[in-house]
Amino acid sequence: MQSLAMIENWPVPTAAVGVVRADGSLAGAHGPTGRRFPLASVTKPLAAYAALIAYEEGAVELDEPAGPAGSTVRHLLAHTSGLAFDEDRVMAAPGTRRIYSNAGFEALGDHIAKATDIPFADYLRQAVLEPLGMASTTLEGSPAKDAVSTVDDLVRFAAEVQAPRLLDPRTVLEAMTVAHPGLSGVLPGYGQQKPNDWGLGFEIRDGKSPHWTGSASSPRTFGHFGQSGTFLWVDPDAGAACVALSDRDFGPWAIEAWPPLTDAVLAELRGR
């Protein structure tokens, strides 16, 4: 895909990108796709997928208590537990506000580790990484932000999300459907969004503006970006997903560079 060469003009030392179609075929890739990059919050979709596998295995229920009083596994996945961004402090009643929370995903990891009697990093490896052949991906700390991976590995994950083998497709559909609709909240880096829609571990684009995806991205687009300069989106209407990793922290450069790449990718996919 010629559009992927746009990353050569990004003001970053190193970047890599890949696009995978819904049928699992690689549409294109550019840059060092085997290089390992810190994912920052692109860790969360991986952790969420492991949580959903724990749910399907019967280790946890989505609506069982987890996290602060009144909160459930579903609340933690959807950033509606009421926990603060990066500390174990309750800021709202569960289900009343969309408060993006690393602490919530850490509580989720602890809950699953206790339910399965397996450290969460090991559970993620056994449930998700090994079955998908993601041999270059490791979780080295918080399930909110401390995974390290490659474009090659994340393309495998993006293919799985589009055509699930590890989960029932109905579970993945629920994960990409708005949980607790209508809640406002801050999308990190992009300010207040009304509403700030999320599914279970995946952010949902809907009508958000400004946004890190493209102007041509469908409202059904879902995924995540990370403060380490990383993103993963899946656009069901386009029948494809895109992964981009870099070694420069998110900032104004990314706000300027990411949407044109996404729009160019979508245009090239449509043209074929």
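How many bridges pair β9 with strand β10, and do they run in the parallel or antiparallel sense? In this predicted model, β9 and β10 (residues 230–235) pair over five bridges, in the antiparallel sense. Strands of a sheet pair through backbone hydrogen bonds, either parallel or antiparallel. Here's a quick tour of β9 and its partners, followed by a small open sheet built around β5.

**How covered β9 is**
- Strand β9 takes in residues 222–226, and five of its five residues are buried.
- Both faces of the strand are covered.
- On one side sit Phe222, His224 and Gly226, while Gly223 and Phe225 sit on the other.

**Who β9 pairs with**
- On the β10 side, Phe225 has Phe231 as its bridge partner.
- β9 and β10 make a hairpin, with three residues between the two strands.
- Gly229 is in that turn and has a positive phi of about 90°.
- β9 also pairs with strand β8 (residues 203–204): two bridges join them, and the strands run antiparallel.
- Within that pairing, Ile204 is matched with Phe222 of β9.

**The β3-β5-β4 sheet**
- Three strands make up this open sheet, in the order β3-β5-β4, with antiparallel pairing.
- The edges are β3 (37–38) and β4 (138–139), each of which pairs on one side only.
- β3 is joined to strand β5 (residues 147–149) by two bridges, again running antiparallel.
- If you want a spot to look at there, Phe37 stands opposite Ser149 in β5.

Key: Residues numbered from 1 in each chain as written. Predicted model: local features only at pLDDT ≥ 70, side-chain atom pairs only at ≥ 80, totals over all residues. Heavy atoms only, no water. Buried < 20%, exposed > 50% of the residue type's maximum accessible area, 1.4 Å probe, protein only. Helix = DSSP H or I, 4+ residues; strand = E, 2+ residues; numbered from the N terminus. Pairing = 2+ DSSP bridges.
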